[in-house]
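These are my notebook entries on strand pairing, helix packing and charged side-chain pairs. I set them down in the order in which I looked them up.

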Amino acid sequence: MKSIITARMKTAALAGTTTALLLAGAANVSSDGAADDTDNGRQRELSLADEAAANLSDTSSEGVRILQGKGRASKRVAASTTKALATGQRLIVEAVCLGAGSVTITTSAGGPPRPRQVRCTESGTGRARTSRFTLITQRTGPVRVAVQPSGKTRGGLAFRVHTQT
């Protein structure tokens, strides 16, 4: 009798494990069948962020680096300086997004926030597009950058703020 009960318990445990695995797999897929936030997805986005950072210009010849960051294009990213910059300082903001979709990069330097749309380009095509725009400090204060993904954006991004020489 004991061996029959043990065998039934093992079968039930196996069935429960299989069901749990199936449910866990289903949790990573959205209603449209796209992978949502798996480890592989995160790793791919972080790899694309490294690639995007490598596509930014070398600031050693283009002024002093003020701020930089990188991360997953599917998640919000934000950064700010800890020291205040003087009024009237001309800064260059560069951003690269690799993947699909677009992000809105909002910058401020003592003035009103300035949003800019940056489209993500496909990785590995050699066509990584660097978006550049000028930011002038309005009053003494920190520089802030916030990145917000649009819709189903996936990929990696990198940004850099440096002084204009």
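**Entry 1: Lys70 and Asp50**

I began with a charged pair: Lys70 forms a salt bridge with Asp50, and their closest N and O atoms are 2.4 Å apart. The two residues come from distant parts of the chain, with Lys70 in strand 1 and Asp50 in helix 2, 20 residues apart. I note here that the model is predicted.

I then looked up the accessibility of both partners. Lys70 is partly exposed, its relative accessible area being 45%. Asp50 is also partly exposed, at 41%. In general, side chains of opposite charge can pair when their charged atoms come close.

**Entry 2: other salt bridges**

How many salt bridges does a search of the whole structure find? The search returns 4. Besides the pair in my opening entry, I examined two others.

Glu45 and Arg72 meet through their side chains in a salt bridge of 2.8 Å, N to O. This pair, too, links distant parts of the chain: Glu45 belongs to helix 2 and Arg72 to strand 1, with their positions 27 residues apart. Are these partners buried or exposed? Glu45 counts as buried because its relative accessibility is 5%, under the 20% limit. Arg72 is likewise buried, with a relative accessible area of 14%.

The side chains of Asp39 and Arg42 form a salt bridge of 2.1 Å, N to O. Both residues lie in helix 2, 3 residues apart, which is about one turn of the helix. Asp39 is exposed at 52% relative accessible area, whereas Arg42 is partly exposed at 27%.

**Entry 3: the sheet containing strand 1**

I next traced the sheet to which strand 1 belongs. Four strands form an open sheet in the order 1-8-3-6, with antiparallel pairing. Its edge strands are strand 1 and strand 6 (130-136), each of which pairs on one side only. From one strand to the next, the twist averages 15°. As a general point, strands of a sheet pair through backbone hydrogen bonds, either parallel or antiparallel.

I looked up strand 8 in detail. Strand 8 (residues 154-163) is mostly covered, 9 of its 10 residues being buried. Strand 1 (residues 65-72) runs antiparallel to strand 8 and is joined to it by 7 bridges. Within this pairing, Gly69 stands opposite Phe159 of strand 8, and Lys70 has Ala158 of strand 8 as its bridge partner. Lys70 is thus a residue I have entered twice, once for this bridge and once for its salt bridge with Asp50.

Strand 3 (residues 90-100) also pairs with strand 8 in the antiparallel sense, over 10 bridges. One of the residue pairs I recorded there is Val93 with its bridge partner Val161 in strand 8.

**Entry 4: Glu94 and His162**

Which side chain does that of Glu94 meet in a polar contact of 2.9 Å? The partner is the side chain of His162. Glu94 lies in strand 3 and is buried, with a relative accessible area of 0%.

**Entry 5: helix 2 against the sheet**

Which strands does helix 2 lie across? Helix 2 (residues 39-54) lies across strand 1, strand 3 and strand 8, and runs at about 30° to strand 8. I set this beside the two salt bridges that connect helix 2 with strand 1: the pair of Glu45 and Arg72 and the pair of Asp50 and Lys70.

**Entry 6: the sheet containing strand 2**

I closed with another open sheet, formed by 4 strands in the order 2-7-4-5, again with antiparallel pairing. Strand 2 (77-80) and strand 5 (114-119) stand at its edges; each has a single partner strand, so one side of each is left without a neighbour in the sheet. The twist here averages 15° from one strand to the next.

I looked up the pairing of strand 2 with strand 7 (residues 143-149): the strands run antiparallel and are joined by 4 bridges. In this pairing, Ala79 stands opposite Val145 of strand 7.

Technical notes
Residues are numbered from 1 along each chain as its sequence is written. This is a predicted model: local features need pLDDT of at least 70, side-chain atom pairs count only at pLDDT 80 or more; totals for chains, interfaces and linings use all residues. Side-chain values use heavy atoms; hydrogens and water are left out. Buried means under 20% relative accessible area, exposed over 50%, partly exposed in between (1.4 Å probe, protein chains only). Two strands pair if DSSP finds at least two bridges between them. Axes are lines fitted to C-alpha atoms, for helices over the stretch in contact, and angles run from 0 to 180 degrees between N-to-C directions. Contact means heavy atoms within 4.5 Å. A polar contact is a pair of N or O atoms within 3.5 Å; within protein, one must be able to donate a hydrogen and the other to accept it, and residues adjacent in sequence count only if both atoms are side-chain atoms.
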